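These are my notebook entries on one protein structure. I set out to record its charged pairs, its nonpolar cores and one helix.

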Amino acid sequence: MSAEILEKKKTLDLRKKHIGPSCKIFFSHDPIKIVRARGQYMYDEKGQRYLDCINNVAHVGHCHPDVVKAGAEQMELLNTNSRFLHDNLVLYAQRLQATLPNKLSVCYFVNSGSEANDLALRLALQYTGHKDIITLENAYHGHVSSLIDISPYKFHHLSDVEQNQFVHVAPSPDVYRGKYRADHPNPAKAYADDVKDIIGRVHEKGGKIAAFTAESLQSCGGQVIPPPGYFQQVAEHVRQAGGVFIADEVQVGFGRVGTHFWAFQLQGADFVPDIVTMGKPIGNGHPMSCVVTTKEVAEAFALSGMEYFNTFGGNPVSCAIGLAVLDVIVKEDLQGNALRVGQYLTELLEKQKEKHPLIGDVRGRGLFVGMELVKDRLKLTPATAENAEYFLFCRRLKEQYILLSADGPHRNVLKFKPPLCFTSEDADLVVEKIDHILTGVSMTLPLNQKHPRELKNPEQVFGPKLSCVRLDHLF
């Protein structure tokens with residue numbers, strides 16, 4: 001069954017005419033028109049099936065029938081705002097809190113990850129009475145103005161905009177290519193000491209720390225896994241300075257990491273943030289999100305004298321959908337599946353690393369996995385847009401009907417973050433195709449090859465469709 005209304009060209013023409021040019025599209029040289037989806041698969045207007053390795057929003061699988069049913073049934077009864085009493089709101093808050101440490105007991109329901117992170121900043125500023133925020137290098141927390149300020153992943157692209165004087169950037173705790181690497185005797189302490197040094201410099205200038213904010217695992221920053229103990233030590237420094245710790249779980253929460261429900265729990269049971277934000281997977285594609293904090297922070301926010309009201313946050317339909325998502329995660333053991341299939345996928349990629357020198361690192365937890373491509377394993381020279389033989393990866397996979405994205409500061413980290421119903425057979429298929437592409441590259445190109453136009457016959461590697469494409473249109 002196809003849900004196509006317009007021909008693909010007409011859809012594209014209307015998009016160019018009416019949708020802002022800053023709103024980019026995947027594979028802009030030949031975009032895919034998706035008309036339906038189910039589970040870990042998406043279908044174009046011709047019925048062609050694509051394996052979705054990108055979508056960490058459709059957490060329990062695209063269009064899961066239980067989630068669709070819950071939303072539709074509640075929509076038939078009532079949808080209104082949270083100023084009226086409704087069981088869905090309190091039952092969902094209770095269920096969500098049960099997945100978290102007891103200290104995190106107060107919920108604010110909103111509509112997107114950006115809205116959640118913006119509210120988290122407001123909570124921190126009100127609770128502490130301070131203004132300075134510490135964020136991480138390559139961090140991304142959302143698209144509203146307050147979050148662009150604390151998202152180096154975004155504001156470093158704005159050449160004509162000065163960094164907010166109250167925002168301070170700490171090194172990303174990347175033990176592969178960061179300041180302190182895996183061979184460092186204590187990278188967690190070293191990275192945390194950098195945060196401590198920032199706090200000292202802020203104090204010297206008369207500032208005071210309101211919050212340290214971090215994605216529990218950096219996604220846009222290149223699938224970075226902080227060393228164990230890092231968050232505990234940072235939290236100690238920040239709290240001694242009168243600030244709070246905000247854990248951004250928008251990309252990685254709800255069982256994706258396999259061993260735990262929340263990615264911040266990877267740091268150990270002795271670490272509990274003061275504020276946690278969540279979004280994307282929380283509604284399986286339905287626009288909803290949440291901020292959870294302590295009673296003390298919530299009470300301080302109430303003392304501001306300003307009522308907090310959100311028109312759509314916590315409405316009965318959203319809460320019904322949120323409850324259904326939690327039910328499906330448990331019923332189908334999707335957290336367990338993330339652990340099992342994620343470990344299997346990582347093992348397969350590690351074997352590819354042994355075979356292909358272009359793979360510099362494989363890292364991740366559960367179904368949050370990154371594979372970093374490098375030209376030189378000793379120098380860690382990233383395989384970036386200037387090295388087209390690697391950067392065409394996602395296009396080649398798309399031609400095999402597999403959807404995968406790349407990110408990181410050098411755009412050389414392939415990101416695996418599929419729906420949690422992803423199977424070991426899916427992992428086999430993806431890695432088989434990756435192996436085929438890498439084998440073709442390594443057989444045809446020396447590692448110092450600079451550009452496909454230097455090849456006598458670039459079609460040998462990329463095929464006739466890809467030998468002359470513009471690199472900036474890859475994703």
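**Entry 1: Charged pairs**

I began with Asp 274, which forms a salt bridge with Lys 103; their closest N and O atoms lie 3.4 Å apart. I note that the model is a predicted one. The two partners come from distant parts of the chain, 171 residues apart. Asp 274 sits in the loop between β8 and β9 (275-278), and Lys 103 in the loop between α3 and β4 (106-110).

I then asked whether Asp 274 is buried or exposed. Asp 274 is buried, at 9% relative accessible area; because the limit for buried is under 20%, this value qualifies. Lys 103 is partly exposed, with a value of 40%.

Next I looked up Arg 83, which forms a salt bridge with Glu 307, with 2.9 Å between the closest N and O atoms. This pair also links distant parts of the chain, 224 residues apart: Arg 83 is in the loop between α2 (65-77) and α3 (87-97), and Glu 307 is in the loop between α9 (295-302) and α10. Glu 307 is exposed, its relative accessible area being 55%.

I recorded a third pair, Arg 363 with Asp 361, whose closest N and O atoms are 2.7 Å apart. Arg 363 is buried, at 11%, and Asp 361 is buried as well, at 13%. Both belong to a network of salt bridges that also links Arg 177 and Glu 372. My search of the whole structure gave 18 salt bridges.

**Entry 2: Nonpolar cores**

I turned to the largest nonpolar core, which has 96 residues. Phe 212, Tyr 230, Met 278, Met 371 and Phe 416 touch the most other members. Helix α10 (residues 316-331) supplies the largest share, nine residues. Where does this core lie with respect to domain 1 and domain 2? Domain 1 (8-60 + 334-466) and domain 2 (65-331) both contribute residues, so the core lies between them. Apart from this core I found another, of 21 residues, including Val 110 and Val 244.

**Entry 3: Helix α8**

I followed Tyr 230 further. Leaving aside residues up to four places away in sequence, Tyr 230 touches several residues, among them Leu 136, Pro 171, Tyr 191 and Phe 212. Tyr 230 is one of the buried residues of helix α8 (residues 230-240), which also include Phe 231, Val 234 and His 237. The buried residues of α8 pack against β5 (132-136), α7 (187-204), β7 (209-215) and β8 (244-248). Just after α8, I noted that Gly 242 has a positive phi of about 90°.

Notes
Residues are numbered from 1 along each chain as its sequence is written. This is a predicted model: local features need pLDDT of at least 70, side-chain atom pairs count only at pLDDT 80 or more; totals for chains, interfaces and linings use all residues. Side-chain values use heavy atoms; hydrogens and water are left out. A nonpolar core is a set of buried Ala, Val, Leu, Ile, Met, Phe, Trp, Tyr and Cys residues joined through side-chain atoms within 4.5 Å. Buried means under 20% relative accessible area, exposed over 50%, partly exposed in between (1.4 Å probe, protein chains only). Helices (H or I, at least four residues) and strands (E, at least two) are DSSP runs, numbered from the N terminus. Domain bounds come from an automatic or database domain assignment. Contact means heavy atoms within 4.5 Å. A salt bridge is a side-chain nitrogen of Lys or Arg within 4 Å of a carboxyl oxygen of Asp or Glu.
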